[in-house]
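Subject: Structure for you to look at

Hi,

Here is the structure I promised to pass on, with my notes below it. Have a look whenever you get a moment, and keep the viewer open while you read.

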Amino acid sequence: MKPLLSVVVPIYNVEAYLDECVGSLLNQTLKNIEIILVDDGSQDKSGEIADRYGEKYENVKVIHQKNSGLGHARNTGIKAASGDYVGFVDSDDWAEPEMYSRLYDAAVKSKADIVVSGLCEITSGKIVKEERHPLAGQTISGYEQIMSVRKNLYGHARGDKTVQLFPMSACIGIYRTSMLRENNLFFREILSEDLIFNLDVYPYAKVISFTGDTDYRYRKEQQQSITNTFSEKKLHRYIELIDFLFQMANNEEDTECCERARRILIDYTRTYVGVVDSSSLSFSQKKKELKKFAEYKVVRDNWNKYPIRELPVQQMIFQYAMIKGYYGTALILNAVRRLLK
């Protein structure tokens, strides 16, 4: 019987978390699902663990490949998927038992090409934050409605005092597999690939439904990872993303997309400062790295075009410090923000 849903799990060195992740998918109340484990060149025992599941369960498919990155591993899964819909779970996260039943039922009810829900952040095994989707309970259709919502992915509208970014994770939804394949829609190898993927995909959907569920469990631990390290490569990846985002925005018919992209640039600036601040660099070296970021033309030009007085107060103060070159102040503000969180 053809699966109703394929769930793609990219795997790279996650032996400590993989059992919990895969177990949560095997325990889904939606039984007719296919689980695709893509071992992206793991150097620990993750590949062996995946193989054990593949040998034991008929609905578990295991693919081994050379390390190529998260986006490429997900693309491998999309190409191998046989379900009507495809979903994604990061291998250190997990899904509550009814997650995919709820998403699939919503898809059938509304004949949706995409269904999106919310999530819960987990630290030390406890829910620290529940994030319902801001459009929970709504179903949109047609080019104008979908494009109106899609603009939120570029960033908040001018004057919007909301700090929280519009949900952009690919892991909180399901996508019609035929829509992705027929339109050659895959993840790009770029930082924030989920954001770019959804910007690419939304225009091809005829119906998108948003649920109020928060069944996805996003593990947010203080663990050693690439997000807590710094290198020149990290700077280049941020600039590559910003460049590409503004290329996309400039190609949109609605000029508001560029304005919104400038707002999300401010959000990415804060994220980048956090990456630098959490590194082992000295304080003076951290300031030098922020100066390098600020001197890129795409960054400086778009900073200067955004009316920072319309930002939420804490963002306005932070952004003023960055624009004026007070990089030490920006680092201190980031440290205070981290303590308050």
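Tyrosine 238 has a relative accessibility of 6%, below the 20% cut-off, and therefore counts as buried. Please keep in mind that this is a predicted model. Tyrosine 272 also counts as buried, because its relative accessibility is 0%. With both burial values in hand, here is how these two residues meet. Tyrosine 238 and tyrosine 272 form an edge-to-face aromatic pair, with 5.1 Å from centre to centre and 65° between the planes. Tyrosine 238 belongs to helix H8 (residues 232–250) and tyrosine 272 to helix H9 (residues 256–277), so the pair ties together parts that are 34 residues apart in sequence.

On to the other rings. The count of aromatic pairs comes to ten. One of them joins phenylalanine 88 and tyrosine 175: the ring centres are 6.2 Å apart and the planes stand at 55°, so this pair is tilted. It links distant parts of the chain, as phenylalanine 88 is in strand S4 (residues 85–88) and tyrosine 175 is in strand S10 (residues 173–176), 87 residues apart. Both phenylalanine 88 and tyrosine 175 are buried. Ring pairs also connect these two with Phe187 and Phe197 in a cluster. Phe187 has a charged partner as well: the charged end of arginine 74 sits over the ring of phenylalanine 187, 4.8 Å from its centre.

Tyr175 turns up again at a cavity. There is one cavity of 30 Å³ or more, and the largest cavity has a volume of about 60 Å³. Besides Tyr175, its lining includes Val116, His133, Leu153, Phe166, Met168, Ile172, Asn198 and Tyr202. What is the lining of the largest cavity like by class? It has eight nonpolar and four polar residues, and no charged residues.

The second largest pocket makes a good next stop. It holds about 200 Å³ of space. Eleven residues line this pocket, and Arg270, Gln314, Phe318, Leu333 and Arg337 are the ones that lie nearest its centre. Helix H12 (313–324) and helix H13 (327–340) are the elements that give two or more residues to the lining, and H13 gives the most, with five residues. By class, the lining of the second largest pocket has six nonpolar, two polar and three charged residues. Two of the residues named here also meet each other: the charged end of arginine 270 sits over the ring of phenylalanine 318, 5.8 Å from its centre.

Towards the N terminus of the sequence, take a look at helix H1 (residues 18–26), where Leu18, Cys21, Val22, Gly23, Ser24 and Leu25 are buried. Which elements cover the buried residues of H1? They include strand S1 (5–11), strand S2 (33–40), helix H2 (46–56), strand S5 (94–95) and helix H4 (99–110).

Last, a residue on the outside. Lysine 126 lies in strand S8 (residues 126–131). Its relative accessible area is 60%, so lysine 126 is exposed. The C-alpha atoms of lysine 126 and arginine 219 are separated by 9.6 Å, with their positions 93 residues apart along the chain.

Happy to go through any of this with you.

Best wishes

Key: Residues are numbered from 1 along each chain as its sequence is written. This is a predicted model: local features need pLDDT of at least 70, side-chain atom pairs count only at pLDDT 80 or more; totals for chains, interfaces and linings use all residues. Side-chain values use heavy atoms; hydrogens and water are left out. Rings of Phe, Tyr and Trp (its six-membered ring) pair if their centres lie within 6.5 Å; planes under 30 degrees apart count as stacked, over 60 as edge-to-face and the rest as tilted. Helices (H or I, at least four residues) and strands (E, at least two) are DSSP runs, numbered from the N terminus. Buried means under 20% relative accessible area, exposed over 50%, partly exposed in between (1.4 Å probe, protein chains only). A charge sits over a ring if NZ of Lys or CZ of Arg is within 6 Å of the ring centre and within 35 degrees of the ring normal. On a 1 Å grid over the protein atoms alone, a cavity is a set of points where a 1.4 Å probe fits but cannot get out, and a pocket is an open set with protein on both sides within 12 Å along at least five of seven lines; lining residues have an atom within 4 Å of a point. Grid points are joined across faces, edges and corners, and a volume is the space filled by probe spheres set on the points. Ala, Val, Leu, Ile, Met, Phe, Trp, Tyr, Cys and Pro count as nonpolar, Asp, Glu, Lys and Arg as charged, and the others, Gly among them, as polar. Contact means heavy atoms within 4.5 Å.
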